[in-house]
Amino acid sequence: IKTDGIMDSLVDIDVELFKNKVGFNSYVPLKVHIINPNDYYISPNLFVTKAAGLVGENFKTVHLEPFADKDVYWIIQVPNGDNKFVYTSQIEVKTQYGNFDFDTLEYSSKEEFYSLESAKEFVNNFESEEETIKSKFLSFECKSDKDEYYEYNISLNNLCCYA
């Protein structure tokens with residue numbers, strides 16, 4: 001059996017740096033917005049393939065429901081350089097399916113310095129905001145009159161569940 005052609009992309013990604021111009025030795029939050037345009041679940045791997053430097057691992061796995069989207073964050077570490085030059089670096093993220101996106105980072109001694117703590121705080125604020133939004137949609141609690149139920153005991157009259 002033979003087949004050819006171009007496979008449709010299983011996900012869409014958009015790469016965005018929160019600051020495109022920073023000082024030497026800075027730390028810059030990187031956001032990757034990933035979208036599942038399909039009507040089935042998917043768990044793509046994301047890889048930072050080009051970066052000036054990186055805090056932590058260069059890959060993350062994302063679990064997406066049908067037609068869902070999610071933001072994934074990294075922190076880019078900017079190196080030191082010669083004060084006479086302005087450096088440009090391409091920050092690129094790829095998926096295992098071959099699609100990719102990038103943003104451009106410029107750094108020099110003339111730009112503002114951003115600390116690791118400020119970058120972590122920035123990322124944590126966005127991640128906790130997303131979790132807060134998700135948790136507003138469903139709150140589920142069950143109370144029971146017994147600690148254990150057995151398969152032959154199908155009467156669950158005293159089990160109360162509410163959202």
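Is Phe-47 buried, partly exposed or exposed? Select Phe-47 and turn on a surface to look: at 29% relative accessibility, the residue counts as partly exposed. Keep in mind as you go that this is a predicted model. With that said, let's walk through it.

**Stop 1: the ring partner of Phe-47**

Keep Phe-47 selected and add Phe-59. The two make a tilted aromatic pair, with 6.4 Å from centre to centre and 40 degrees between the planes. Phe-47 belongs to strand S4 and Phe-59 to strand S6, so the pair ties together parts that are 12 residues apart in sequence. Phe-59 is also partly exposed, at 41% relative accessibility.

**Stop 2: strand S4 and its neighbours**

Now switch to a cartoon view and select residues 45-50, which are strand S4. Add residues 59-61, strand S6: the two strands pair in the antiparallel sense over three bridges. To see a facing pair, pick Leu-46 and Lys-60 of S6, which stand opposite each other.

Next, add residues 87-95, strand S8. S4 and S8 run antiparallel too, joined by four bridges. Here you can pick Lys-50, whose bridge partner in S8 is Glu-92. For background, strands of a sheet pair through backbone hydrogen bonds, either parallel or antiparallel.

Before leaving, go back to Lys-60 and show Trp-74 as sticks. The charged end of Lys-60 sits over the Trp-74 ring, 4.9 Å from the ring centre.

**Stop 3: more rings**

How many aromatic pairs does a search of the whole structure find? The count is seven. For one of them, select Phe-18 and Tyr-73. Their ring centres are 6.4 Å apart and their planes stand at 20 degrees, which is under the 30-degree limit, so the pair is stacked. Phe-18 lies in the loop between strand S1 (12-17) and strand S2 (21-23), while Tyr-73 is in strand S7 (residues 69-77), so this pair ties together parts that are 55 residues apart in sequence.

Colour these two by accessibility and you get a contrast. Phe-18 is partly exposed, with a relative accessible area of 22%, whereas Tyr-73 counts as buried at 4%.

While you have rings on show, select Phe-24, Phe-85, Tyr-87 and Tyr-107, which form one aromatic cluster.

**Stop 4: an open sheet**

Back to the cartoon. Colour S1, S3, S7 and S5, and you should be able to follow an open sheet of four strands in the order S1-S3-S7-S5, with antiparallel pairing. Which strands are at the edges? They are S1 and strand S5 (54-55), each pairing on one side only.

Zoom in on S1 and S3, which run antiparallel and are joined by six bridges. Pick Ile-13 and you will find Ile-34 of S3 standing opposite.

**Stop 5: the salt bridges**

Hide the rings and show the charged side chains. The structure holds two salt bridges. Start with Lys-31 and Glu-16, whose side chains meet at 3.7 Å, N to O. This pair links distant parts of the chain, with Lys-31 in strand S3 (residues 27-35) and Glu-16 in strand S1, 15 residues apart. Lys-31 is buried, because its relative accessible area of 19% falls under the 20% limit. Glu-16 counts as partly exposed at 32%.

Then move to Glu-106 and Lys-21, which meet in a salt bridge at 3.9 Å, N to O. Glu-106 lies in strand S9 (residues 100-108) and Lys-21 in strand S2, so this bridge ties together parts that are 85 residues apart in sequence. Both partners are partly exposed: Glu-106 at 27% relative accessibility and Lys-21 at 46%.

**Stop 6: the inside**

For the last stop, select Leu-30, Val-32, Leu-46, Val-93 and Leu-105. They have the most contacts inside the largest nonpolar core, which has 25 residues. Which elements give two or more residues to this core? They are S1, S3, S4, S7, S8 and S9, and S3 gives the most, with four residues.

Centre on Leu-105 and show what surrounds this residue. Leaving aside residues up to four places away in sequence, its contacts include Leu-17, Val-22, Val-28, Ile-76, Tyr-87 and Ile-91.

Finally, look for another core that lies apart from the largest one: it has five residues, among them Tyr-27, Ile-75, Ala-119 and Val-123.

How values were computed:
Residues are numbered from 1 along each chain as its sequence is written. This is a predicted model: local features need pLDDT of at least 70, side-chain atom pairs count only at pLDDT 80 or more; totals for chains, interfaces and linings use all residues. Side-chain values use heavy atoms; hydrogens and water are left out. Two strands pair if DSSP finds at least two bridges between them. Rings of Phe, Tyr and Trp (its six-membered ring) pair if their centres lie within 6.5 Å; planes under 30 degrees apart count as stacked, over 60 as edge-to-face and the rest as tilted. Buried means under 20% relative accessible area, exposed over 50%, partly exposed in between (1.4 Å probe, protein chains only). A charge sits over a ring if NZ of Lys or CZ of Arg is within 6 Å of the ring centre and within 35 degrees of the ring normal. A salt bridge is a side-chain nitrogen of Lys or Arg within 4 Å of a carboxyl oxygen of Asp or Glu. A nonpolar core is a set of buried Ala, Val, Leu, Ile, Met, Phe, Trp, Tyr and Cys residues joined through side-chain atoms within 4.5 Å. Contact means heavy atoms within 4.5 Å.
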